[in-house]
Amino acid sequence: MTPAPEANPVPDITIPDALKPRDGRFGCGPSKVRAEAIDALVADAPTYLGTSHRQSTVKFMVARLRNAIAECFSLPDGYEVLLGNGGTTVLWDALCFGMIESRSQHLVFGEFSSKFAECTTKAPFLGEPSVQRSDPGTAATPHTEDGIDFYALTHNETSTGVATMIARPDGIDAGALVAVDATSAAGGLRVDLNECDAYYFAPQKCLASDGGLWIAACSPAAIERIGRIEASGRWIPTSIDLATALDNSRKDQTYNTPALTTIHLAVSQLEWINNNGGLEFASGRCDRSAEVLYGWAEASPVATPFVADPEIRSHVVATIDFDETIDASAISKVLRANGIVDTEAYRKLGRNQLRIAMFPAIDPDDIEALTHCIDHVVAALG
Ligand SMILES: *Cc1c(COP(=O)(O)O)cnc(C)c1O
């Protein structure tokens, strides 16, 4: 049998090497891992990989991870770093069970923020959540309500390229917690952790590592909440029990076996950020990339930033619309055929668009090179 011809063959366009970025990875997660981090892993591998996570070598690496997070985010007094397996999606379930007392409010402005709201909507032991929606490309704002004990914010909505300022909403109930999904923001966007009680993320985005781990910086109020819910007798599956995660984290361990590679790569990235000037250094690189990319799109006759309001345009994930004369998916395919990968639009958003990560590991010069490559492809397609 001969294979069926491809419906949309990739246009045969060769991008000159001189235009290409040094590294062709622009995906939003898993995202570019720095070569130096791989080298450091290889150097440590003989004594680190394949060794017990209950012994000091790995526990020391987990301690380095927790300390580097504390340093990077200038952890306020009493805040603690918790970690566990499963990534952010699993942490959402853990938060449903172990940190929301009875009712949450969610700001929903894209796919990721909507998924967490879906978890709490389905949880039979929680009240119907309050869901504040806004259109993709805009940011929802919190709406203070009585009886809400958990406000769920998202620092950067990865599906749309909208970033928000993290601030504790005014007038919330005493003891209400503010939790922030910072999966694609943590380590690339500025934040004051005093403004929230749980700042949580996974390391395959700004931390240039691999997936499978969740990390949460928790305030004393959040830690108190974990203990109180645990003591209330609510049934919580052990693998996602935050009290168990807290116990283990305090011992620089996880409840079950973690991916040692993920931990090592995250440590490399965080220490690289910290040794170069911390969060200000990392967010400065992202600012530079954003200036280059949005500046290019605004000047382009065919491209426009999708997020209309420059104040909420993300400096870590850019979404760029193309006018109807250009098929953005054809651009992504040509880029991919030339070794420049993962610029495809977020599928569910359904727009004629490219989505481009500008995480700290991605060199602003490579973002600039990417714009030249896109110009080349657009000219060749037209
Ligand atoms: C990637 C992402 C997630 C999902 O993370 P996983 O580790 O794959 O579960 C959740 N929220 C945001 C904002 C993300 O960018």
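Helices here, of at least four residues, are DSSP runs of H or I, numbered from the N terminus. With that numbering, Asp252 falls in the loop between α6 and α7, the latter spanning residues 260-275. The model is a predicted one. In it, Asp252 has a phi near 55°, a positive value in a residue that is not glycine.

A second backbone feature lies in the segment before α1, the helix of residues 35-48. Pro30 is found in that segment, and the peptide bond leading from Gly29 to Pro30 is cis, with omega near -10°.

From there the chain can be followed into α1 and its partner. Helix α2 covers residues 56-72, and α1 packs with α2 at an angle of about 140°, the two axes being 10 Å apart. Angles over 145 degrees would count as roughly antiparallel, and 65 to 115 as roughly perpendicular; α1 is therefore oblique to α2. On the α1 side the contact involves Asp44, Thr47 and Tyr48, which meet Thr57, Val58 and Met61 of α2. By class, the residues of this contact comprise three nonpolar, two polar and one charged.

The ligand site comes next. The ligand is surrounded by 13 residues, and the closest are Thr89, Thr158, Asp181, Gln204 and Lys205. Helix α3, residues 87-98, gives the most to this shell, contributing four residues. Eight residues of the shell are polar, three are nonpolar and two are charged.

Several atom pairs show how the ligand is held in polar contact with the protein. Oxygen atoms of the ligand take part in two of the pairs described here: one lies 2.4 Å from a polar side-chain atom of Thr158, and one lies 3.2 Å from a backbone N or O atom of Thr88. A nitrogen atom of the ligand is placed 2.7 Å from an N or O atom in the side chain of Asp181. On its own the ligand has 380 Å² of accessible area, and the protein covers 87% of that area.

Further along the chain, helix α5 (residues 220-231) and helix α6 (residues 242-250) form another packed pair. Their axes come within 9 Å and cross at roughly 130°, and α5 and α6 are therefore oblique to each other. From α5, the contact draws on Ile223, Ile226 and Glu230; from α6, it draws on Leu242, Ala243, Leu246 and Arg250. Five of the residues in this contact are nonpolar and two are charged, with no polar residue among them.

Definitions and conventions:
Residues numbered from 1 in each chain as written. Predicted model: local features only at pLDDT ≥ 70, side-chain atom pairs only at ≥ 80, totals over all residues. Heavy atoms only, no water. Near = heavy atom within 4 Å. Polar contact = N/O pair within 3.5 Å; in protein donor to acceptor, adjacent residues only side chain to side chain. Areas by Shrake-Rupley, 256 points an atom, 1.4 Å probe, with all protein chains shown as cover. Helix = DSSP H or I, 4+ residues; strand = E, 2+ residues; numbered from the N terminus. Nonpolar A, V, L, I, M, F, W, Y, C, P; charged D, E, K, R; others polar. Axes fitted to C-alpha atoms, helices over the stretch in contact; angles between N-to-C directions. Parallel < 35°, antiparallel > 145°, perpendicular 65-115°, else oblique. Contact = heavy atoms within 4.5 Å.
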